[in-house]
Amino acid sequence: MVIEQLIFTFISFAIFVSMFFRMIRRNDTTYVIILVLEAIGIALNFLEVLFRIKLNMIFFILKYLMAIFLPIGIIILEKRNRRLFEIINLKKAKLYVMLGNTKKAKQALLVLLNKNSNSAQAHKMLAQIYEQEGGMRKAIDEYVQAIDLNKKDYDSYYKVAELLNNLEKQEEAAQMLFNLLNKKPEMYEATILLGDILLASEMYKEAVNVYQDALRYHPVSYDLNYNLGIAYTMLNDFQSAKVCYEKAAQINTLAYHAKYSLAEIALIYKDLEEAEKRFLEAIEEEELSADGYYELAKINLIKGQKDIAIQYVNLAIDINSKKIVAKVKKDPIFIPVMAKISMPFNLEDTREENKLQEKEIKAKEHLEEMAEITRHLSYHDIKLLKKNTQRKEKIVQREEETNQKERQD
C-alpha cells in the first residue's frame, strides 16, 4: 500500500506540474478546472497517508480518475490536435444547439475560433447553425474554411454545392460536385444533385454519363435508373429509356411514374396492349390517374371499343375536368363520341397538389408529345424505328455486361 501511494504521489504530482506549465504557456484558464480536480485527487491520497486510513472503493476510484486518468486523457487528446479549450467549447456549443439556443452556441464557437481559427469542427458547426438560420452565404464561407482545414470533409463539400444550387448558382454547384465525385465517386447524394442540375440545364448527355458512372456503385438504385430514363427520354433515345424505366419498376413495384413512362413509350411504338397494361398500373397513382384514364380512352378508340373509351374519358374528366376537357376538345380522335362525353359546366381540378418534379413533368410532356406525333405514322415507319432502337438496345445490353464484368473484376 505504501509503495502504491508513493508511485501515485510521484505520477500525479508530475502530471500536475505538466498541466500547470501548459496553462501558463498557452495562457488558457480552462486548465484551472483540471488542476482543481487533480488537486482534489492528490488531497485524497494525502489524507490517506496522513491519517493512515484506507479509502473505500468509490474514493479510491475518484482519486485515480481525477489525479491521473482524466489529465492523461486530456494530454492524449492534445497529442491528436484536440485542445481542452476546443473540446469544452464544442461540447458547450452542441449542448446549446440541443437546447435550441443557437445564439449561445454561436458565441461559444466564435470564442473558440478567436483563439484557434484552425478548428475544422468549429467552422463546420458554425456553418450548420448559419444554414439553419437561413444565412446561406455565411454558411458557405464557414463550410469552405472547414474544407480548407480538412480536405477529406466530403460532407462539407457537398453542403457547399447544395447551398450554391439553392442560391441559383448552378454552374458553380455543378463544378463543385464534379470535383467531389472525382474524389469520392460513390457519393450517392452528390450524384443525385449533380444529375438534377444537369437535367434542369438540359445537359442530357452529361447527365447520362453521371448516372451511368454512379450505377457502377449503386446498381439497384431506383432514383438513378429512373433519372437515367428521363435523360434518355429527353435525348429521344426511347429504347434506352425503356430499359432504365423497366429496371426502376422492377426495383420499386410501386414506381407508377416509371410505369406511366413505359406506357407512353409503348404508344410511341404502337404496342397498344403493352401501353394499356402499363396505364392500368399507373392510374393507381392519384396524380397520374386523370392522364392515365385519358390515354386509355384514346387506346380503346383506336381499337374500336367506343363504349369503354367513353367510360375512361368520363372518369378522367371527373378527376380533372379543367385539364381533360381542354385536351378532349383539341384531339380529333374524340369527335365520333363527343356527344356521349360528359362535359361539366364548371371546370375544376379535384386532385391534390401536383407532386411531380420539374424533370418528371418535362419528360412526361415530351413522351406524350412524341406519342401523339407517332400516332399519325404508319406501322411501316414504326417498324423501321423499332429496328433502329433494337440495335441501340443491344448496344446498351453490351455496355451493361461490360460494366458488370468490370465490377466483378
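Let's start at Ser156. Leaving out residues up to four places away in sequence, Ser156 touches Lys124, Tyr143, Ala146 and Ile147. Keep in mind that this is a predicted model. Where does Ser156 lie? In helix 8, which covers residues 154-166. Buried or exposed? Ser156 has a relative accessible area of 0%, so it counts as buried. The cut-off for buried is under 20%.

Now the nonpolar cores. The largest one has 100 residues. Which members touch the most others? Leu109, Leu177, Tyr245, Phe279 and Phe334. And which helix gives this core its largest share? Helix 14, residues 256-268, with nine residues.

Take Phe279 from that list. Set aside its neighbours within four places in sequence. Phe279 is then in contact with Tyr260, Ala263, Glu264 and Leu267. Its contacts also include Gly292, Glu295, Leu296 and Ile299. Find Phe279 on the screen and trace those eight names.

There is also a second core, separate from the big one. This second core has eight residues, including Phe8, Ile15, Leu35 and Ala67.

Last stop, the surface. Here we find a nonpolar patch of about 710 Å². Which residues make the patch? Met57, Ile58, Phe59, Ile61, Leu62, Leu65 and Phe69. Look at Ile58 in particular. Ile58 is in helix 3, residues 57-79. Its relative accessibility is 59%. Exposed means over 50%, so Ile58 counts as exposed.

Put the two residues side by side. Ser156 is buried, whereas Ile58 is exposed.

Technical notes
Residues numbered from 1 in each chain as written. Predicted model: local features only at pLDDT ≥ 70, side-chain atom pairs only at ≥ 80, totals over all residues. Heavy atoms only, no water. Core = buried A, V, L, I, M, F, W, Y, C linked by side-chain atoms within 4.5 Å. Buried < 20%, exposed > 50% of the residue type's maximum accessible area, 1.4 Å probe, protein only. Helix = DSSP H or I, 4+ residues; strand = E, 2+ residues; numbered from the N terminus. Contact = heavy atoms within 4.5 Å. Patch = residues over 30% accessible without salt bridge, like charges linked within 9 Å, V, L, I, M, F, W, Y side chains within 5 Å. Areas by Shrake-Rupley, 256 points an atom, 1.4 Å probe, with all protein chains shown as cover. Salt bridge = Lys/Arg side-chain N within 4 Å of Asp/Glu carboxyl O.
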